[in-house]
Amino acid sequence: MKILHVVENLNIGGLETVLINLVTHQVSHNDKCLVICLFSEGVLAERLINIGVHVIALHKKNGMDFQVLGRIRQLVTRFVPDVIHTHNAICNHYVVMATLFLGHKIINTRHGMGEIHRNVKGELLYKLSIFFTKKCVFVCKSAQIKFEEKYKIKKDKSVVIYNGIDLTKYDCSLFKKMDSPFKAMTGAAFVIGTVGRLNYFKDQATLIRAFRLVKKSITNIKLVIVGDGELRGKLSLLVNQLQLGGDVVFLGARDDVNLLLCNMDMFVMTSISEGFSIALIEACAARLPIVTTDVGGNSEIIHHMTTGLLTRSGDAKNIADHIITLVNSPETRKLYADSAHEWVANNATLEKMCAQYNHTYMS
């Protein structure tokens, strides 16, 4: 099968990780893939280039870029894909406009809950593009319900496909806890970790405030924040203001998240919005006890008091209370961690995700 993927860029993020894993799997099964980046290539493009996938950046300008429309049409005509898989809203309406009347099958995935796409014109264009889209894929049931209602998407056009990961990369029995880079660095007996871009939607500020409350009850504990982003400076300032400088470690963007997760004792995510979080299912795969906010698709992964604990977003006190509960109960931590791993193994593997996308392409 010839598959054309269209994405904004291949910078570090959950969407981009899903796309790279999907394309890698497709190529390993003898599909021929081409990836178009609407803007720049991004730092992760090399991963696809290294396996022989051609990645083309169109460097779209602000506003409607008619040159990009022409370039997409040219590339589609030359590649002749069996299916065009667009990722998020802007890529879908650009592809639909560029390929109008060419008759190609277009599959669109919305990878989140849509909060970032606030442009009224862009929303209208996406709504119109759905008419020419064969299937609309959503990464969680919460997103499906929201977008079906918002855009009046017909039930037979809408499908949920959970993001999936390669579980073998998170087998923590392969990594020695005694060699933990965190504990060697901080000397902490217990390490709380989180992974995600440092931005408004991930709300690490609330996690830092919650951690300060935790420190009042539990002393030998550290917080490790993995990821980078526009709020790095403000979050560092908050850490200093709360006098947590020696207890909060910023590791920046990393390509060894699986190893880092296997050296944490607990995973906490305090996002105010999520689709189907890759970081969250990675933490489940690493058998970590989890505290996370009850937003978007999080409650489809973490079932309260079964696979972890759900908490209110923005509520540092509630988050801190849940963290303290788990720190003080090793038996409960293990019970939740094992249950979370079992859930991911049954519902969010790379193999299952890829099989569901293949079925959607063929339908």
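## Exercises on a predicted structure

Cys 140 counts as buried, at 0% relative accessibility. The model examined here is a predicted one, and the exercises below start from its cysteines.

### Exercise 1. The cysteines

Determine which cysteines are joined by a disulfide, and why Cys 140 and Cys 284 have no such bond.

*Solution.*

Step 1. Apply the cut-off: a disulfide requires two cysteine sulfur atoms within 2.5 Å.

Step 2. Test Cys 140. The closest cysteine sulfur belongs to Cys 284 and is 14 Å away, which is too far for a bond.

Step 3. Test Cys 284. Its sulfur is 12 Å from the closest cysteine sulfur, that of Cys 172, again too far for a bond. Cys 284 is buried, with a relative accessible area of 0%.

Step 4. Identify the bonded pair. The search of the whole structure yields one disulfide; Cys 172 and Cys 262 form a disulfide with an S to S distance of 1.9 Å. The angle about the S-S bond is -75°, and the link of Cys 172 and Cys 262 is left-handed.

Step 5. Place the pair in the chain. Cys 172 belongs to the loop between β7 (158-160) and α7 (181-186), and Cys 262 to the loop between α10 (257-261) and β11 (266-269), so the pair ties together parts that are 90 residues apart in sequence. Cys 172 and Cys 262 are both buried.

### Exercise 2. Salt bridges

State with which residues Asp 338 forms salt bridges, and describe where the partners lie.

*Solution.*

Step 1. Recall the principle: side chains of opposite charge can pair when their charged atoms come close. In the whole structure, 10 salt bridges are found.

Step 2. Take the partner Arg 287. The side chains of Asp 338 and Arg 287 form a salt bridge at 3.2 Å, N to O. Asp 338 is in helix α14 (residues 330-347), while Arg 287 is in the loop between α11 (278-285) and β12 (290-293), so this pair ties together parts that are 51 residues apart in sequence.

Step 3. Take the partner Lys 334. Its side chain meets that of Asp 338 in a salt bridge of 2.7 Å, N to O. Here both residues, Lys 334 and Asp 338, lie in helix α14, four residues apart, about one turn of the helix.

Step 4. Compare the settings. Asp 338 is partly exposed at 27% relative accessibility, and Arg 287 is partly exposed at 42%. Lys 334 is exposed, with a relative accessible area of 54%.

Step 5. Consider another salt bridge, that of Lys 155 and Glu 148, at 2.8 Å, N to O. Lys 155 is exposed, with a relative accessible area of 65%, whereas Glu 148 is buried at 12%.

### Exercise 3. The sheet and helix α13

Establish the strand order of the six-stranded open sheet, and describe how α13 relates to the sheet.

*Solution.*

Step 1. Write the order. The open sheet of six strands runs β10-β9-β8-β11-β12-β13, and the pairing is parallel.

Step 2. Find the edges. β10 (248-252) and β13 (309-311) each have a single partner strand, so one side of each is left without a neighbour in the sheet. From one strand to the next, the twist averages 20°.

Step 3. Examine one pairing. Strand β8 (residues 190-195) and β11 run parallel and are joined by two bridges. The bridge partner of Gly 193 in β11 is Phe 267.

Step 4. Add the helix. α13 packs on the sheet and touches β8, β9 (221-226), β11, β12 and β13. The direction of α13 makes about 165° with that of β13.

Step 5. Check the helix length. At 1.5 Å a residue, the 12 residues of α13 (residues 316-327) should span 16 Å, and the end C-alpha atoms are 16 Å apart, which agrees.

Step 6. Assess burial. Nine of the 12 residues of α13 are buried, so the helix is largely enclosed by the rest of the structure. Among them are Ala 316, His 322 and Val 327.

### Exercise 4. The surroundings of Gln 204

Decide whether Gln 204 is buried or exposed, and name the residues that Gln 204 touches.

*Solution.*

Step 1. Locate the residue: Gln 204 is part of helix α8 (residues 204-217).

Step 2. Apply the cut-off: buried means under 20% relative accessible area. Gln 204 has a relative accessible area of 4% and is therefore buried.

Step 3. List the contacts. Not counting residues up to four places away in sequence, Gln 204 touches Gly 196, Arg 197, Leu 198, Asn 199, Leu 235 and Thr 270.

Step 4. Set sequence beside space. Gln 204 and Val 268 are 64 residues apart in sequence, and 9.7 Å apart in space, C-alpha to C-alpha.

Terms used:
Residues numbered from 1 in each chain as written. Predicted model: local features only at pLDDT ≥ 70, side-chain atom pairs only at ≥ 80, totals over all residues. Heavy atoms only, no water. Salt bridge = Lys/Arg side-chain N within 4 Å of Asp/Glu carboxyl O. Buried < 20%, exposed > 50% of the residue type's maximum accessible area, 1.4 Å probe, protein only. Expected span 1.5 Å × (residues − 1). Pairing = 2+ DSSP bridges. Axes fitted to C-alpha atoms, helices over the stretch in contact; angles between N-to-C directions. Contact = heavy atoms within 4.5 Å.
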